[in-house]
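Work through the exercises below with the coordinates open, and try each task before reading its solution.

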Amino acid sequence: MTVADPGTEPDPRRAVIGCYLQMLEVAASNGAERRRSETPAEYLRRMLAATAAATGPATSLTGLFERAYYSEQPVGESMRSDAMAALDVLRSDLLAGAVA
């Protein structure tokens with residue numbers, strides 16, 4: 001799934017999903033690629049064990065993704081903002097080469 005920049009994506013749901021996909025890309029470039037068979041929660045545990053990514057932002061972004069992707073509950077601008085903030089922290093952690 002290709003998603004525009006989360007900050008410019010007009011649909012908050014797609015923006016949250018885009019933030020999660022960007023986290024996956026950055027984590028994969030640091031040796032923590034998501035396996036096809038892993039649920040988001042399983043991947044989160046493994047990614048946190050394999051990297052020095054911040055637990056709070058990674059957990060938050062994963063939860064926001066699960067709500068945006070798997071549910072029909074509303075996804076609003078506050079969720080987009082939360083997802084983008086979490087992604088910023090994780091990007092800093094992971095791009096800094098924070099491999100445990």
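**Exercise 1.** Determine how far apart glutamate 77 and arginine 80 are along helix H4, and describe how their side chains meet.

Solution. Glutamate 77 and arginine 80 are three residues apart in helix H4, so about one helical turn separates them. In this predicted model, their side chains meet in a salt bridge with an N to O distance of 2.8 Å, which lies within the 4 Å cut-off. As to burial, the limit is 20% relative accessible area; arginine 80, at 7%, is therefore buried, whereas glutamate 77, at 45%, counts as partly exposed.

**Exercise 2.** Find the partner of arginine 91 in a salt bridge, and place both residues in the fold.

Solution. The partner is aspartate 88, the closest N and O atoms being 3.7 Å apart. Both residues lie in helix H4, three residues apart, or about one turn of the helix. Arginine 91 is partly exposed at 27% relative accessibility, and aspartate 88 is likewise partly exposed, at 45%.

**Exercise 3.** Check whether the end-to-end length of H1 agrees with its number of residues, and then examine how H1 is covered.

Solution. At 1.5 Å a residue, the 17 residues of H1 should span 24 Å, and the end C-alpha atoms are 24 Å apart, so the two values agree. Twelve of the 17 residues are buried, among them Val16, Tyr20 and Met23, and what covers the buried residues includes H2, H3 and H4. Beyond its neighbours within four places in sequence, valine 16 is in contact with residues including Leu61, Phe65 and Arg80.

Conventions
Residues are numbered from 1 along each chain as its sequence is written. This is a predicted model: local features need pLDDT of at least 70, side-chain atom pairs count only at pLDDT 80 or more; totals for chains, interfaces and linings use all residues. Side-chain values use heavy atoms; hydrogens and water are left out. Contact means heavy atoms within 4.5 Å. Helices (H or I, at least four residues) and strands (E, at least two) are DSSP runs, numbered from the N terminus. The expected span of a helix is 1.5 Å times one less than its number of residues. Buried means under 20% relative accessible area, exposed over 50%, partly exposed in between (1.4 Å probe, protein chains only).
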